[in-house]
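Work through the exercises below with the sequence and the model side by side. Each task is followed by a solution that goes step by step.

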Amino acid sequence: MRASSRPILTFGKSVAADSRCVQSVLMSIDVAVFPASDEATAREAIQVDRAAFEYQTPDIPYSPEDFVLESWRNPFPGHRSIRAVARLDGRAVGYVALGLPLLDNLELASLDLNVLPDFRRRGVGRAMLDFAIEQARAEGRKHLTSETVQTRPDGDAFAAAQGAKAALPETRSRLDLTTVDQDRYDRMLAEAWTHADGYRVVSWVGMPAEEYLDAIAYLDGRMVQDAPMGDLTIEPEKVDADRIRKSEQNRLDRGIDRFHTGVVHEATGRMVAWTTLSGPPALETHIWQHITIVDPDHRGHRLGMIVKLENLRHTLAHKPALTAIDTFNATANDFMLSINREMGFRAADTWMQWELAI
Ligand SMILES: CC(C)(COP(=O)(O)OP(=O)(O)OC[C@H]1O[C@@H](n2cnc3c(N)ncnc32)[C@H](O)[C@@H]1OP(=O)(O)O)[C@@H](O)C(=O)NCCC(=O)NCCS
């Protein structure tokens with residue numbers, strides 16, 4: 001389907017500032033949807049995505065192309081995506097993806113918008129945004145969210161120019177594992193355990209044991225209410241055991257490495273804290289720190305620190321070549337950031353989550 005096709009005139013910029021404008025040029029921007037089964041176009045989109053990603057965060061390895069393709073072919077349960085490529089005079093220079101939650105947050109669509117660095121400021125981003133707004137409205141969505149890295153000026157400038165609201169400042173932090181002092185970690189862990197009588201840890205890879213699924217669903221569903229969400233219009237996800245099972249199965253099917261550790265309250269047998277490190281198996285040296293949550297009824301026992309340190313040890317036993325872990329937190333999330341800092345994570349860059357009412 002051709003979603004949008006419009007000629008634009010690049011007029012009026014100074015010749016000195018921009019040699020593309022030595023003469024006015026009629027350029028045609030086409031934004032066209034493609035299904036994940038259209039491998040040739042999907043691979044063109046991945047090239048655009050990869051170039052934009054490596055330009056903005058050169059220190060994070062881009063996932064292997066086949067892995068990305070596989071994840072597009074196997075949508076995450078409860079989510080649907082609409083993807084399109086923008087062509088400038090026939091050449092793929094932009095990639096846009098609209099993420100549509102199907103089980104909750106039915107008025108929201110997440111937006112991923114990328115233009116090749118050498119083809120920016122020619123209206124491609126705006127053409128893709130127009131396309132995304134049109135698609136999102138047709139799906140009954142009322143606002144778009146998207147994130148920008150602040151080490152490059154383009155994303156923030158674009159979002160602000162489109163009238164989006166800066167809704168949630170975030171920090172990406174990195175733990176450089178080559179500098180980690182294991183003895184210090186052992187001492188930190190021993191000290192933390194002196195506050196956690198009556199708890200024990202359980203670590204696993206991939207699918208959680210059936211007996212913990214309800215508790216994990218409860219913890220997962222709390223994330224939106226427990227972590228700072230700034231001015232984002234977002235509702236808690238409706239998570240149950242079946243959704244956890246299907247989500248984890250989807251990740252297993254895509255071959256994602258996922259290492260989990262939970263803390264069990266011995267008196268009740270309930271899992272009350274949980275954290276995860278995960279990433280594509282082909283990336284031997286890099287992994288992402290995801291969800292870390294402690295049940296509000298069990299806070300104050302250093303379970304956040306325990307679960308993260310234990311999970312790191314568990315993960316390194318499976319992936320000994322790891323050298324870096326990255327994680328995102330709301331910049332206002334003092335509690336999580338202070339645990340991260342104590343573990344040795346350091347701020348790598350800052351991000352902004354934007355929201356645009358449509
Ligand atoms: C943001 C991005 C998609 C914009 O793509 P683009 O094709 O350059 O955008 P456009 O040419 O349509 O720009 C539209 C307007 O945004 C503003 N803008 C975009 N980049 C800007 C910059 N670096 N400085 C100042 N204003 C900028 C301008 O108002 C511009 O209009 P103008 O060129 O007529 O002045 C592109 O920079 C990108 O891929 N960035 C990395 C990923 C990202 O941050 N995505 C955005 C998520 S909201």
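**Exercise 1: a helix pair**

In this predicted model, the crossing of helices α1 and α2 is right-handed. Determine which residues make the contact of α1 with α2, and how the two helices are oriented to each other.

Solution. On the side of α1 the contact is made by Glu39, Ala42, Arg43, Ala45, Ile46 and Gln47, and on the side of α2 by Glu65, Asp66, Val68, Leu69, Trp72 and Arg73. Sorted by character, these contact residues divide into six nonpolar, one polar and five charged. For the orientation, take the axes of α1 (residues 39-56) and α2 (residues 65-73), which are 10 Å apart and form an angle of about 120°. Angles of 65 to 115 degrees count as roughly perpendicular and those over 145 as roughly antiparallel, and α1 and α2 are therefore oblique to each other.

**Exercise 2: aromatic pairs**

Classify the ring pair of Phe34 and Trp72, and then the pair of Trp288 and Phe328.

Solution. The count of aromatic pairs comes to five. In the pair of Phe34 and Trp72 the ring centres are 6.1 Å apart and the planes stand at 45°, so this pair is tilted. Phe34 lies in the loop between β2 (25-33) and α1, whereas Trp72 belongs to helix α2, so the pair ties together parts that are 38 residues apart in sequence. Both Phe34 and Trp72 are buried. Trp288 and Phe328, by contrast, form a stacked pair, with 5.8 Å from centre to centre and 5° between the planes. Trp288 lies in strand β11 (residues 286-294) and Phe328 in strand β12 (residues 324-330), so this pair ties together parts 40 residues apart in sequence.

Note on methods: Residues are numbered from 1 along each chain as its sequence is written. This is a predicted model: local features need pLDDT of at least 70, side-chain atom pairs count only at pLDDT 80 or more; totals for chains, interfaces and linings use all residues. Side-chain values use heavy atoms; hydrogens and water are left out. Axes are lines fitted to C-alpha atoms, for helices over the stretch in contact, and angles run from 0 to 180 degrees between N-to-C directions. Helices (H or I, at least four residues) and strands (E, at least two) are DSSP runs, numbered from the N terminus. Angles under 35 degrees count as roughly parallel, over 145 as roughly antiparallel, 65 to 115 as roughly perpendicular and the rest as oblique. A crossing is left-handed if the near helix is turned anticlockwise from the far one by less than a right angle, and right-handed if clockwise. Contact means heavy atoms within 4.5 Å. Ala, Val, Leu, Ile, Met, Phe, Trp, Tyr, Cys and Pro count as nonpolar, Asp, Glu, Lys and Arg as charged, and the others, Gly among them, as polar. Rings of Phe, Tyr and Trp (its six-membered ring) pair if their centres lie within 6.5 Å; planes under 30 degrees apart count as stacked, over 60 as edge-to-face and the rest as tilted. Buried means under 20% relative accessible area, exposed over 50%, partly exposed in between (1.4 Å probe, protein chains only).
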